[in-house]
Each structure stands twice: as C-alpha cells, then as structure tokens.
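This report describes side-chain contacts and helix geometry for the structure shown below. It is intended to be read alongside the sequence and the model.

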Amino acid sequence: MIESIESLLNDQIQYEASASMQYLAMASWADQKGFNGIASFFYSQSEEERVHMTKLVKFVNERGGNVSIPSLDKPKGSFNSLNELFETFLESEIFVTQKINEIIFECLERKDYNVHNFMQWYVNEQLEEEALARTLLDKLNIIGDDKSGHYLFDRDITSFEEEGQEGE
Ligand code: OFO
C-alpha cells in the first residue's frame with residue numbers, strides 16, 4: 001500500500017473513531033436532558049461512525065497495510081443549547097468530508113484507483129450526513145427558543161431524518 005495513502009487512511013480511522021465518541025457524548029448529554037428522541041438519534045449516529053471506522057481498519061488490513069489504532073481526545077460533553085449540539089454535528093461532518101476529499105486527492109495524484117474506488121462509499125455517506133445535519137439545524141433555527149418546538153423536534157427527529165434523506 002502506498003505509504004502516504006496508508007497514513008491518510010490511518011488518520012481517517014482516528015477521525016471516524018472521534019466522531020463516534022463525539023456523538024456518544026452528544027447522545028448522553030441529550031439523554032440527561034430528557035431529549036430521548038435526540039439521544040437515540042445520536043446513539044445510532046455513534047454506532048454508524050464506529051462501523052465506518054471498522055470498515056477502514058478491515059480494508060487497510062486486507063490490502064496488507066499497517067493499522068495503528070489511535071488514542072482519542074476527550075469529546076465535548078456539554079452544550080448550551082440544541083442549536084449548539086447540532087452545530088457541533090454539522091461541523092464534525094464537514095471536517096470529515098474535508099478529510100475524505102484529501103484522501104481522494106492523494107489517490108488521484110498517486111493513481112491508486114483501488115483506494116479511490118473504496119472511498120466512494122465514504123463520499124456518498126458524507127453527502128447524506130451533511131445534508132441531514134443541515135436539515136436538522138435549519139429546523140432548529142426556525143424553532144428558535146420555543147420550548148414546545150424543542151419538544152416536537154425531539155419527538156419527530158426520526159421523520160426529519162427521512163425528510164433529509166429524501167432531499168438528496
Ligand atoms: Fe463517518 O460518516 Fe460522517 O462522519
């Protein structure tokens with residue numbers, strides 16, 4: 001495996017793992033605040049990121065590369081508002097998309113079409129997740145500080161999720 005690409009894939013393992021832990025912290029925060037729908041949304045996002053991480057670990061190993069399982073920084077665990085919670089979600093997804101684009105760039109530079117092909121799954125996944133994060137943040141911006149709006153947002157988050165996916 002080309003060294004620079006192996007190194008970027010290892011970095012990506014760390015980003016996916018960090019996103020998984022960040023979303024777990026967000027789920028736990030929402031759980032404590034009584035937002036059960038939002039908590040369940042982030043518990044499942046956290047699981048998804050773990051799957052993305054593991055998929056990379058397996059791919060690097062299958063290609064005969066070296067995986068180095070990283071240590072992680074402590075995720076942000078407290079938020080002043082639901083808006084801040086979902087801004088953190090969107091920022092995290094934008095960051096991961098940038099990193100995936102860097103891998104794609106390197107694959108094209110180094111003509112590694114195998115890794116390029118493998119990474120297309122991540123490109124599509126990021127499109128969906130960014131669209132979803134934007135949809136949810138738009139809803140929250142409309143709701144503003146309205147408590148009953150937050151109650152309904154928490155209750156209906158699963159249907160917003162479907163709406164976000166239809167919009168792609
Ligand atoms: Fe791993 O899919 Fe988003 O970050």
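Arg155 and Asp156 meet through their side chains in a salt bridge, with 3.0 Å from N to O. The model is predicted, and the distance is therefore a computed value for a predicted model. Arg155 counts as exposed, because its relative accessibility is 53%, whereas Asp156, at 23%, counts as partly exposed.

The structure holds five salt bridges in total. Three of them, including the one just described, are set out here.

| Salt bridge | Closest N to O distance |
|---|---|
| Arg155 and Asp156 | 3.0 Å |
| Glu130 and Arg134 | 2.9 Å |
| Glu102 and Lys99 | 3.5 Å |

Glu130 and Arg134 are four residues apart in helix α4, which means that about one helical turn separates them. An α-helix has 3.6 residues a turn, so residues three or four places apart point the same way. Glu130 is buried, because its relative accessible area of 13% falls under the 20% limit. Arg134 is partly exposed at 38% relative accessibility.

The partners Glu102 and Lys99 both belong to helix α3, where they are three residues apart, about one turn of the helix. Glu102 counts as partly exposed, with 39% relative accessibility. Lys99 has a relative accessibility of 19% and counts as buried, since the limit for that class is under 20%.

Helix α3 itself has 28 residues. From its first C-alpha to its last it reaches 41 Å, close to the 40 Å expected at 1.5 Å a residue. Lys111, which follows α3, has a positive phi, near 55°.

Aromatic contacts form a further theme. A search of the whole structure finds 14 aromatic pairs. In one of them, Phe41 and Phe89 are arranged edge-to-face, at 5.6 Å centre to centre and with 85° between the planes. Phe41 lies in helix α2 (residues 36-62) and Phe89 in helix α3 (residues 82-109), so this pair ties together parts that are 48 residues apart in sequence. The rings of Phe86 and Phe89 also form an edge-to-face pair, because their planes stand at 80° and their centres are 6.4 Å apart. Phe86 and Phe89 are three residues apart in helix α3, and about one helical turn therefore separates them.

How buried or exposed are these phenylalanines? Phe41 counts as buried at 3% relative accessibility. Phe89 is buried at 0%, and Phe86 is likewise buried at 0%. Ring pairs link Phe41, Phe86 and Phe89 with Tyr23, Phe42 and Phe153 into a cluster.

Another ring contact involves a lysine: Lys55 lies over the face of Trp121, at 4.3 Å from the ring centre.

On the surface, Met21, Leu24, Tyr43 and Leu72 make a nonpolar patch of about 310 Å². Leu24, one of these residues, is found in helix α1 (residues 3-32) and counts as partly exposed at 34% relative accessibility.

Glu128 lies in helix α4 (residues 113-143). With a relative accessibility of 34%, Glu128 counts as partly exposed. Glu128 and Trp29 are 99 residues apart along the chain, and 24 Å separates their C-alpha atoms.

Note on methods. Residues are numbered from 1 along each chain as its sequence is written. This is a predicted model: local features need pLDDT of at least 70, side-chain atom pairs count only at pLDDT 80 or more; totals for chains, interfaces and linings use all residues. Side-chain values use heavy atoms; hydrogens and water are left out. Rings of Phe, Tyr and Trp (its six-membered ring) pair if their centres lie within 6.5 Å; planes under 30 degrees apart count as stacked, over 60 as edge-to-face and the rest as tilted. Helices (H or I, at least four residues) and strands (E, at least two) are DSSP runs, numbered from the N terminus. Buried means under 20% relative accessible area, exposed over 50%, partly exposed in between (1.4 Å probe, protein chains only). A charge sits over a ring if NZ of Lys or CZ of Arg is within 6 Å of the ring centre and within 35 degrees of the ring normal. The expected span of a helix is 1.5 Å times one less than its number of residues. Patches are made of residues with over 30% relative accessible area and no salt bridge: like charges are joined within 9 Å, nonpolar side chains (Val, Leu, Ile, Met, Phe, Trp, Tyr) within 5 Å. Accessible areas come from the Shrake-Rupley method with a 1.4 Å probe; for residues, only the protein chains shown count as cover. A salt bridge is a side-chain nitrogen of Lys or Arg within 4 Å of a carboxyl oxygen of Asp or Glu.
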